[in-house]
Structure formats: structure tokens, C-alpha cells
Amino acid sequence: MTTFRKDLGMGIPALMMATVKARSLRSPALAALLFLLPLSAFSGPIGAQAVAITNGEIHTVSGPVIRGGTVVLKNGVITAVGRGVAIPSGARIIDASGKIVTPGLFDSSTRLGVTEVGSYQGTSDGSSGNDRMTAAFNVAEGINPNTTLIPVARVEGITRAVVAPGGGASLIAGTSALINLGGSRLSSMLQKTPVAMYAALGERGAGYEGGARPLALLRLRELFQDAQDYAENRSAFDSGNRRQYALSRLDLEALAPVVRGEIPLVLSVDRASDILTALGLREEFPLDLVLSGVGEGWMVAEDIAAAGVPVMTNAASNLPSFEVLGASYENVSRMQAAGVTIILSSFDGYNVRNLKQEAGFAVSYGMPHEAALRAVTLTPAEVWGVADEVGSLERGKAGDVVVWSGDPFELLTSVEHVFIDGVEISYDTRQKALFEKYRSLEMRPPWK
């Protein structure tokens with residue numbers, strides 16, 4: 001028979017689980033197949049209907065906290081937020097008394113859908129190894145919507161994620177894509193691409209250019225200048241009447257909107273001096289700059305704030321290195337106190353679910369709770385240009401809502417409900433499937 005959870009819809013088919021016997025689980029090939037099976041093989045969609053989440057402590061992010069309030073979802077969007085709002089006839093009621101209700105969490109730098117098994121290159125599509133095809137590399141074209149990593153993230157309250165390119169053959173990595181975690185096909189998941197262009201300076205950038213920071217900076221300047229010249233003289237280039245450029249035509253076309261400030265440039269830097277160098281690039285080129293990493297950001301926080309440049313970072317890292325000798329757990333809170341716009345991110349593919357722990361860690365070292373919540377919801381939506389669609393609980397925005405058993409940043413808090421575009425997600429994951437299989441496994445001594 002097939003098991004159901006009445007309030008959620010179809011769960012893991014019990015019949016499928018029962019047919020895989022203990023002996024067959026000893027097959028490495030079958031174990032690998034189970035590991036890679038899309039979650040759509042285990043679960044069906046949960047139907048959309050009007051939903052009213054009542055009596056909760058609602059953190060809208062864009063406004064004050066509403067205690068004892070209601071959030072109404074209908075046709076995929078939020079139709080009402082507040083106290084005493086009208087509930088549609090026939091709506092499903094979720095009593096959130098004693099619970100906290102927030103927007104879905106937004107991770108701004110992940111590898112979801114472009115990596116699966118780290119030790120096997122065949123499951124990684126998130127970086128370019130071709131130094132003649134770097135800026136034009138668009139990670140969206142390699143996203144696997146059936147990756148087993150997405151369900152693991154969304155059951156922990158992550159509803160939107162930027163999939164970023166990894167480091168490849170050049171200090172320019174390519175462009176990213178914004179997805180929702182509720183679809184089963186890329187066409188229904190992809191919200192925006194390109195989101196931003198990615199590049200590196202500092203130690204990582206130097207590694208691409210012979211190991212010297214000045215060489216990486218010279219190369220980046222050359223690439224930007226070539227992109228500007230190409231955009232201004234494209235007809236001459238097409239007719240063969242222009243000098244040779246350091247990049248391919250496709251790369252130049254991809255960089256042109258970046259050097260016009262139309263697409264953000266995410267620049268990876270950590271050392272304080274490299275951060276200042278990155279900020280200085282805006283005096284040469286009209287860049288819409290976002291700094292990533294920024295391990296020593298607290299040391300130059302006033303400069304970052306004065307430049308009005310957002311920072312994308314994590315909080316649970318203070319291990320010093322020659323690149324980040326000034327690492328501090330208080331890095332995030334000090335930058336936030338100085339007026340820096342903060343985005344918190346997991347920078348991961350396998351552990352995107354830990355985004356809420358990153359926020360909790362920042363709070364434990366001095367960042368205000370509401371500022372940390374904003375750093376994983378509305379602020380990334382603003383920086384990536386989708387704040388009119390997601391990031392806060394407001395009428396007309398996408399129905400991305402999470403109901404938590406308590407403070408979302410506390411380790412013991414659990415997710416009780418997750419809605420993406422007004423539809424409650426399936427709570428089946430690869431881990432849950434494996435648990436169900438091995439729970440009934442008959443353990444026998446190897447000699448029998």
C-alpha cells in the first residue's frame with residue numbers, strides 16, 4: 001500500500017520501500033542508485049489551495065512584528081497579512097499559536113543543482129575549465145532540478161537560492177542563477193538569470209595569474225577595458241578592424257553589461273587591503289559591486305559602508321590564515337554596526353540547510369536578531385533585484401512562508417510548515433528515504 005500524510009499529501013510510497021529487501025541493499029550499485037534518485041521518484045506534489053496561517057508571531061521583515069496575526073496565501077501569493085484579516089471560504093487553516101512565522105529563507109551563494117557527489121567529477125557542472133569561455137559561462141544551463149540536495153535544503157526553510165559558479169580556469173568564473181526550491185523542472189524553478197558576474201582578487205585571484213596580487217588586478221582591469229572597448233566598437237570588431245582582445249567574443253558580450261553597471265559584479269576578497277583595492281575599482285569602472293567573503297571586513301567597515309557596497313559573508317568562521325589573519329567571530333556584527341549592508345550565506349551545496357545556523361551564530365556574536373533575519377530574507381532580495389517578488393511577508397509577494405516551532409535561529413527549533421509560491425512542499429528527502437530503508441534492515445553476522 002501507499003502511505004499518506006493527510007495534512008501534506010503523498011509521502012514515500014511504502015510499496016516501493018518494501019520491495020527493496022535487505023539483501024539487495026548490499027549491492028553497491030543499488031545503493032548508488034538510491035543515492036542519486038530524484039525526490040520526484042519518492043513524492044508527489046502537494047496541491048495548492050487557499051491557506052490561512054493564524055495566531056502566529058509574524059515577522060514580516062519589511063515592517064513590525066505582528067503578534068497573533070494571520071497570513072493568507074491564495075493562488076501562489078500572499079493576499080493578506082495582519083490582525084483580523086478576512087479568511088477565504090474553504091481555506092485550509094493552520095493554527096500557529098506559539099509559533100513564529102517568517103518569509104522563506106534566501107541563500108545567496110550555493111552549489112545546488114550543479115554538484116551532487118564531490119568525489120565524482122561527472123556530477124559537477126558548476127565551473128568552467130576552459131579559459132576561453134569564462135565570463136560567458138552561465139551556471140543556469142547546468143542546473144539539475146532533481147538533485148537530491150534541494151529537498152534537504154527546503155525542509156529546513158530555504159525557499160530561494162542563488163546558484164553561483166565555482167572557481168574555474170580564470171579569475172572570472174561566470175554568471176549565477178536564482179531559483180525557487182519548489183519546482184520539479186528548471187523552467188518552473190528559474191526566477192532570474194544572470195543574477196551577477198563572479199570574479200576573484202586576493203590570494204585566490206593571484207593564484208590564477210602567477211601568484212601575485214598586482215598581476216590579478218592588472219588582468220581584471222585589462223578584461224574590463226576590453227569589454228568596454230568591444231561594446232563601444234562592436235561593428236569595427238565584427239569587420240576585423242579592431243585590435244585583438246584578451247577574451248573571446250562571447251566573454252566580451254557577457255562582461256559588457258557588467259562594466260556598464262547593469263549586472264552586479266560579485267568580487268571575492270578577504271584581506272583588508274584587498275577589500276580597499278576592490279572598492280577602488282569603482283573609481284575606474286561604473287560597477288555595481290558586491291563583496292564576497294570579506295573575512296577582514298571589520299577592519300575597514302567604515303570604508304565599505306561609505307562606499308555603499310553590500311557584503312556577502314558567513315558568520316561561523318574565525319580560523320586565521322595568511323589571507324585572513326584578522327578573522328573574528330564578531331566580523332559580521334561589527335560591519336553591521338558600522339552600517340554595512342550584510343547578506344549571510346552558506347557558500348555550500350551540501351549544507352545549505354545550515355543557513356539559519358549562520359544567522360544564529362551572527363546573533364550570538366552581537367548582530368541584532370531582526371538584522372540577521374533580514375540578512376537571509378529581504379536584503380538578498382533587494383541586492384539581487386527581486387525584492388518586489390520575494391523576501392518579506394507582504395501582500396502581492398510570492399507565497400514563500402515558513403512556520404517554525406520557535407526561534408528559527410535556535411538549534412532545537414524545527415520547521416513545521418514550508419510554503420513555496422503558496423504550495424506546501426513535500427517533506428521527503430534522501431536522508432528520510434535511507435532511514436526508512438535501513439530501519440527495517442535485518443542485521444545478520446557476516447558468517448551467516
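## A charged network to start with

Let's begin with four charged residues: R213, R271, D274 and E323 are joined up in a network of salt bridges. What you are looking at is a predicted model, and in the whole of it the salt bridges come to 23. The general idea behind them is simple: side chains of opposite charge can pair when their charged atoms come close.

## How confident is the prediction?

The protein has a mean pLDDT of 87, with 85% of its residues at 70 or more. Residues 1-46 are where to be careful, since pLDDT is below 50 over that stretch. Even so, residues 1-46 make 75 contacts in the model beyond near neighbours in sequence.

## Salt bridges that reach along the chain

Take E416 and K99, whose side chains form a salt bridge with N and O 3.1 Å apart. E416 belongs to strand 19 (residues 415-420), while K99 sits in the loop between strand 6 (92-95) and strand 7 (100-103), so this pair ties together parts 317 residues apart in sequence. Both partners are partly exposed: E416 has 27% relative accessibility, and K99 has 22%.

Helix 6 offers two more examples. In the salt bridge between E284 and R221, the N to O distance is 2.8 Å. R221 is in helix 6 and E284 is in the loop between helix 9 (272-280) and strand 15 (289-293), so the bridge connects parts that lie 63 residues apart in sequence. E284 is partly exposed at 38%, and R221 is partly exposed too, at 24%. The other example is E209 with R219, where the closest N and O atoms are 3.4 Å apart. Here E209 comes from the loop between helix 5 (202-208) and helix 6 (213-232), R219 comes from helix 6, and 10 residues separate them. How do these two sit, buried or partly exposed? E209 counts as buried because its relative accessibility is 18%, under the 20% cut-off, whereas R219 is partly exposed at 32%.

## The nonpolar cores

Now for the inside. In soluble globular proteins, nonpolar side chains tend to be buried together. In this model the largest nonpolar core has 83 residues, and L255, L291 and I304 are the ones touching the most other members. Helix 6 turns up again here, giving this core its largest share, 7 residues. There is also a second, separate core of 18 residues, with V162, A173, L178 and V266 among them.

Which residues does I304 touch, leaving out those up to four places away in sequence? They are I275, L279, L291, V294, G297, V309, V311, M335 and V340. Another residue to click on is L265, in strand 14 (residues 265-269). L265 is buried, with a relative accessible area of just 1%. With residues up to four places away again left out, L265 touches M197, A199, F224, V258, L287, D288, L289 and V290. L265 and L291 are 26 residues apart along the chain, and 8.3 Å separates their C-alpha atoms.

## Rings and a charge

How many aromatic pairs does a search of the whole structure find? It finds 7. One pairing to look at is F361 with Y365: their ring centres are 5.2 Å apart and their planes sit at 20°, so the two are stacked. F361 is partly exposed at 24%, and so is Y365, at 33%. Elsewhere, Y230, F237 and Y245 make up one aromatic cluster.

W298 has a charged partner: R334 lies over the face of the W298 ring, at 4.6 Å from the ring centre.

## Helix 12 and its cover

Finally, have a look at helix 12 (residues 355-364), where L355, K356, E358, A359, G360 and A362 are buried. What covers these buried residues? Five of the list to look for are strand 8 (105-110), strand 9 (158-163), helix 11 (331-337), strand 17 (342-344) and helix 13 (369-375), and strand 18 (401-404) is included as well. Just after helix 12 comes G366, which takes a positive phi of about 110°.

Technical notes
Residues are numbered from 1 along each chain as its sequence is written. This is a predicted model: local features need pLDDT of at least 70, side-chain atom pairs count only at pLDDT 80 or more; totals for chains, interfaces and linings use all residues. Side-chain values use heavy atoms; hydrogens and water are left out. Helices (H or I, at least four residues) and strands (E, at least two) are DSSP runs, numbered from the N terminus. Buried means under 20% relative accessible area, exposed over 50%, partly exposed in between (1.4 Å probe, protein chains only). pLDDT is the predictor's confidence in each residue, from 0 to 100. Contact means heavy atoms within 4.5 Å. A nonpolar core is a set of buried Ala, Val, Leu, Ile, Met, Phe, Trp, Tyr and Cys residues joined through side-chain atoms within 4.5 Å. Rings of Phe, Tyr and Trp (its six-membered ring) pair if their centres lie within 6.5 Å; planes under 30 degrees apart count as stacked, over 60 as edge-to-face and the rest as tilted. A charge sits over a ring if NZ of Lys or CZ of Arg is within 6 Å of the ring centre and within 35 degrees of the ring normal.
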